[in-house]
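Welcome, and thanks for taking a look at this one with me. Please keep the viewer open while you read, so that you can find each spot as we reach it.

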Amino acid sequence: LSGFPFLKNKISTIYNGCNDMKFSIRDIKSNKQKKLIIVGRVAYAKNGLRLLKSLKLFYERNNFLPSVEWVGRIDHSRSKSHQIYLDMRKFLKDNPIIDKSFKFIGEVKKINDLYDNADGLISVSIFEGLPYAICEAMFSGCPILASNISDNEIILGNNLDRGILCNPLSINSICSGIENLIFIPQDKKINMTKNARKFAEDNFSNKKMI
């Protein structure tokens, strides 16, 4: 709005409404077998190839990998999205260690069960509006790693306030974000998810939207 200062006091942001009643407040557990999820279409904007490369870097740094599941349909309707899926498949074929820990599981109906059983949500898109998955994860108490684009910094805050941010164009930054998501101390994780839930209740509930 820098070029239209007269509009500043006439515009408000309305975030995505979310049915908060279907998400229970879960207990944060410290699981030895770490499990991360991505929720959304397998599409160009979701930055899948860089994510896979960051997982390879994570393995090289830490000598293990969390299990990673991508939940959502594969978008073949656009050439860029179809090509990125093919590139991801080739990368997995060429890197069997990554392939062993990474799965495309398609669409599911009970998404809240996935948030309940995951150690974190990864959303490292190169461009977005406000991902609905972030709203759902905040309600569920699932820790979040997201790219520092759009309103994500406002929504998740800084310094582990409500989530973890990374540069989606940097493999090293994504890798460091995954490390933060995996190795964050338990007390900070609990505080981060509580703050996220409170922010979601104050901003994303259907009641608030209405």
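Below are a few numbered points on the sheet, a helix beside it, a residue in another helix, and a cavity.

1. A word on the model. Please bear in mind that what you see is a predicted model.

2. The sheet. A good place to begin is the open sheet, which is formed by six strands with parallel pairing. Reading across, the order of the strands is S3-S2-S1-S4-S5-S6. At the edges you will find strand S3 (102-106) and strand S6 (164-166), each of which pairs on one side only. If you look along the sheet, the twist from one strand to the next averages 25°.

3. One pair of strands, and the helix across them. Strand S2, made of residues 67-71, pairs with S3 in the parallel sense, and four bridges join the two. Which residue of S3 is the bridge partner of Trp70? That partner is Phe104. Now bring helix H2 (residues 79-94) into view: H2 lies across S2 and S3. The angle at which H2 runs to S3 is about 140°.

4. A serine in helix H1. Next, find Ser54, which lies in helix H1, residues 48-62. Is Ser54 buried or exposed? Ser54 counts as buried, because its relative accessibility is 0%. What is Ser54 in contact with, once its neighbours within four places in sequence are left aside? The contacts of Ser54 are then Ile171, Ile174, Cys175 and Ile178. Take Ile178 as one of these: Ser54 and Ile178 are 124 residues apart along the chain, and 8.5 Å separates their C-alpha atoms.

5. The cavity. How many cavities of 30 Å³ or more does the structure hold? There is one, and the volume of this largest cavity is about 100 Å³. Its lining consists of 13 residues, and those closest to the centre are Ile38, Val39, Lys46, Ile122 and Ser123. Two elements give two or more residues to the lining, namely strand S1 (35-39) and strand S4 (120-123). S4 gives the most, with three residues.

6. What the lining is made of. Sorted by class, the residues that line the largest cavity are nine nonpolar, two polar and two charged. To see this for yourself, you could start from Lys46 and Ser123, which are among the residues closest to the cavity's centre. You can then return to the sheet, where S1 and S4 stand next to each other in the strand order.

Conventions. Residues are numbered from 1 along each chain as its sequence is written. This is a predicted model: local features need pLDDT of at least 70, side-chain atom pairs count only at pLDDT 80 or more; totals for chains, interfaces and linings use all residues. Side-chain values use heavy atoms; hydrogens and water are left out. On a 1 Å grid over the protein atoms alone, a cavity is a set of points where a 1.4 Å probe fits but cannot get out, and a pocket is an open set with protein on both sides within 12 Å along at least five of seven lines; lining residues have an atom within 4 Å of a point. Grid points are joined across faces, edges and corners, and a volume is the space filled by probe spheres set on the points. Ala, Val, Leu, Ile, Met, Phe, Trp, Tyr, Cys and Pro count as nonpolar, Asp, Glu, Lys and Arg as charged, and the others, Gly among them, as polar. Two strands pair if DSSP finds at least two bridges between them. Axes are lines fitted to C-alpha atoms, for helices over the stretch in contact, and angles run from 0 to 180 degrees between N-to-C directions. Contact means heavy atoms within 4.5 Å. Buried means under 20% relative accessible area, exposed over 50%, partly exposed in between (1.4 Å probe, protein chains only).
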